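Student: I would like to work through this structure slowly, one question at a time. Could you guide me through the reasoning behind each answer?

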Amino acid sequence: MPSTDSHSPIIGDRPAYDAVIVGASLAGCATAIGLGRAGLRVAVVEKQPDPKAYKRMCSHFIQASGVPAIERLGLLEPMEAAGAVRPRMHMWTKWGWIQAPPERAVRGVDLRREILDPMVRAAAAETPGVEMMLGWSAERLLRDGGNFAGVVTRNREGEERELRGRLTIGADGRDSRVAELSEVPVKTFPHNRIAYGGYFEGPLPRHFPDGLIWFLDPHWAAAFPTDSELTFYAAMPTKERLPEFKADPEAALVKFLGNVPEPPPIRESRAIEPVIGKIDMTNRMRKPVAPGLALIGDAALATDPLFGVGCGWAFQSAEWLAQSILPALQGDELLEQGLERYRRRHRRELRGHAFFIHDYATGRRMSPAERLIFSAAARDARSAELMEAFGTRQIRPEQMMPRALPRALAVNARHALAR
Amino acid sequence: MSGVERKSLLAGGTRTRLVHAGPTEASEAVVFVHGNPGSADDWVGLAGAAAKAGKRAVAFDLPDFGETIAPAGFEHDVPGYAGFVNAARTELGIERVHLVLHDFGGPIGLVWAAMHPDAVASVTLINTGLLPGYRWHILARIWRAPVLGELFQATATRRSFRFLLNRKEPRGLPREFVEAMYDHYDRRTRRAVLALYRATDDPGGMSEALVQLFAERQVPALVIWGEHDAYLPWSFAERQRDAFPAAEVHVLPASGHWPFADAPETVERLLTEFLAGSGGEASF
């Protein structure tokens with residue numbers, strides 16, 4: 001992977017970089033590609049020195065909402081060539097399976113992070129104008145008056161470098177150091193589930209390559225097929241189930257998924273690596289901009305992994321930011337105008353989803369309105385289509401509710417009368 | 001269910017309905033004990049599954065449940081029912097027992113097991129078991145209250161029965177299962193329920209002594225518990241390990257109080273796998 005050591009922090013009185021990105025995972029690299037292709041100079045700082053590093057605790061599921069952004073980056077074809085599968089979604093509820101008509105259902109994309117992360121990182125590193133600094137972590141933020149103006153980075157030998165940029169971008173995940181240093185406002189929302197998962201080889205789940213989700217209310221389980229005929233099995237029970245998962249994660253995962261209704265073939269499968277878990281998944285919603293600074297991906301909104309939105313939203317928020325700030329970085333408007341445009345876009349697209357996700361992350365059971373909509377979706381194709389469009393984040397809650405609720409009332413009334 | 005026969009059996013002065021499957025003469029058998037309200041019918045599917053796994057399987061109505069009438073003077077309490085279980089298995093010539101218990105069948109079967117430990121090959125607990133510290137659920141408290149209990153039973157209609165049974169069941173119970181249960185919930189059964197609950201002041205009372213007894217004997221055990229049980233909380237599932245340290249515990253995430261009705265395939269699989277692995281090799 002190309003990288004460079006030729007850093008020139010300041011060129012005259014102008015910052016060396018248009019953007020300094022902290023974090024070379026999906027969001028950071030996607031932004032770097034977008035800005036680099038527009039002719040801008042971008043530094044990407046990543047504390048992991050290994051170009052093949054990848055996020056381990058991830059379901060790898062990319063909702064359909066994220067696919068167009070991936071396609072525009074030119075990554076969809078390479079992903080498919082690397083074995084990515086294109087799943088639709090099937091959701092088990094106590095009222096039955098929710099399955100949008102196949103010809104109408106949209107498809108996500110699934111590729112293990114082990115393959116995806118290095119691929120995206122390589123694409124960023126190969127983009128003209130992008131300098132990849134692996135093995136460097138962000139230590140301090142630089143300020144220029146009231147604006148953030150880059151970062152001071154340090155490598156493992158203790159060497160420090162100052163990277164000045166017109167825009168500093170935090171793409172460093174849920175526990176973002178950039179967010180912490182910039183002290184942007186953050187709201188946290190409790191999470192009362194645990195997440196355990198791992199890759200298995202064995203018989204393929206039915207409907208392969210489609211993803212299967214069980215809404216066990218309040219628990220959740222999933223089988224996500226991926227490349228190499230592997231399946232990622234995951235369980236997200238409430239924290240009452242923690243002792244058995246802590247005692248033996250793999251046995252507990254196999255037992256849990258083996259006992260769901262219409263279980264996937266996990267009992268006939270073999271884990272190819274240790275099943276791992278995450279216990280603290282407090283939701284964090286940060287203000288995604290500050291003067292001279294923007295947050296993307298999990299750094300801006302680290303939300304419940306239950307709904308598999310993290311990877312898709314990483315690509316999407318990266319694209320929204322790149323599109324929003326390009327005019328400013330190209331000198332056509334003030335930077336704060338571009339940042340404000342990004343803030344509004346981020347808020348409009350994700351705030352409603354986040355509200356519902358955070359509310360359900362408490363580990364509560366479904367509300368009466370949710371029961372109404374889910375039951376209707378299990379009984380009616382059009383309702384299933386709406387649910388699927390919402391679940392894959394194609395439409396926002398305010399777009400879904402006015403259509404889904406009246407229909408759900410009618411569907412359930414018909415169902416009750418027919419009994 | 002193919003391979004399952006229905007017969008009648010005279011045991012301890014009670015003529016009961018018998019569900020039978022598998023090798024008729026085997027001295028080792030799976031003995032199913034139902035709960036309240038329940039009957040031998042609860043076990044038809046599982047008896048067939050056990051028979052397919054090569055086991056003899058028997059299930060019977062407890063006196064005054066199902067279609068079985070208790071003889072005069074029958075004691076509607078746990079020791080009385082445990083005595084009936086023993087009479088039935090003796091009559092059937094069963095020497096080694098794989099107990100499968102549900103609901104109130106738990107205390108009944110476990111008391112029988114404590115009285116005949118050498119005859120126990122294994123124990124399967126389905127939403128039941130030893131319940132230290134358990135406080136009766138609301139329906140039981142109503143049944144135990146004089147007058148209120150009678151009033152409640154007298155006014156239980158098919159519709160209200162159906163509603164109550166399904167009220168907190170996560171998936172709803174099969175219609176025919178609930179209807180058959182109500183068909184058996186006649187005046188005799190209603191009176192028996194009141195008597196049984198009123199005779200059982202402390203459902204967790206004997207737990208300590210039984211825990212010690214079973215733990216010492218290392219009885220093979222399978223615990224299956226529907227997580228959404230509105231009557232007996234699933235938190236008791238893991239606690240069965242106090243008595244059965246090697247127990248295999250399965251908490252079914254989408255089941256309620258009757259897992260064999262709302263997740264029959266899963267319960268059948270778990271039971272047959274367990275029986276295959278505990279083929280009468282208990283260390284007694």
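Student: In which crossing, right-handed or left-handed, does α1(A) pass α8(A)?

Tutor: The model is a predicted one, and the helices in question are α1 (residues 26-37) of chain A and α8 (residues 310-329) of chain A. Residues of α1(A) such as A:Leu26, A:Ala30 and A:Leu35 take part in the contact, and on the side of α8(A) the partners include A:Ala314, A:Phe315 and A:Leu321. As α1(A) passes α8(A), the crossing is right-handed.

Student: Is α1(A) roughly parallel or roughly antiparallel to α8(A)?

Tutor: Two packed helices are described by the angle between their axes and the distance between the axes. For α1(A) and α8(A) the axes lie 8 Å apart and the angle is about 30°. Because angles under 35 degrees count as roughly parallel, the orientation of α1(A) with respect to α8(A) is roughly parallel.

Student: What orientation do α10(A) and α11(A) have to each other?

Tutor: Helix α10 (residues 368-379) and helix α11 (residues 381-391), both of chain A, pack with their axes 6 Å apart and at an angle of about 120°. An angle from 65 to 115 degrees would count as roughly perpendicular and one over 145 as roughly antiparallel, and therefore α10(A) and α11(A) are oblique.

Student: How many nonpolar residues does the contact of α10(A) with α11(A) have?

Tutor: The contact is made by A:Ile373, A:Ala376 and A:Ala377 of α10(A), together with A:Ser383, A:Ala384 and A:Met387 of α11(A). Sorted by class, this contact has 1 polar residue and no charged residues, while the number of nonpolar residues is 5.

Student: Is A:Pro327 buried, exposed or partly exposed?

Tutor: A:Pro327 has its place in helix α8 of chain A, and, leaving out residues up to four places away in sequence, A:Pro327 touches A:Asp332, A:Glu333 and A:Gly338. Being buried would take 20 or more other C-beta atoms within 10 Å, and being exposed would take 12 or fewer. Because A:Pro327 has 15 other C-beta atoms within 10 Å, A:Pro327 is partly exposed.

Student: Which helix gives the most to the largest nonpolar core?

Tutor: The largest nonpolar core has 213 residues, and the members that touch the most others are A:Ile21, A:Val44, A:Val45 and B:Ala47. Beyond its neighbours within four places in sequence, A:Val44 has contacts that include A:Ile21, A:Ala24 and A:Met133. With 10 residues, the helix that gives the most to this core is α8 of chain A.

Note on methods. Residues numbered from 1 in each chain as written. Chains lettered and ligands numbered in written order. Predicted model: local features only at pLDDT ≥ 70, side-chain atom pairs only at ≥ 80, totals over all residues. Core = buried A, V, L, I, M, F, W, Y, C linked by C-beta atoms within 7 Å. Helix = DSSP H or I, 4+ residues; strand = E, 2+ residues; numbered from the N terminus. Contact = placed C-beta atoms within 7 Å. Axes fitted to C-alpha atoms, helices over the stretch in contact; angles between N-to-C directions. Left-handed = near helix turned anticlockwise from the far one by under 90°. Nonpolar A, V, L, I, M, F, W, Y, C, P; charged D, E, K, R; others polar.
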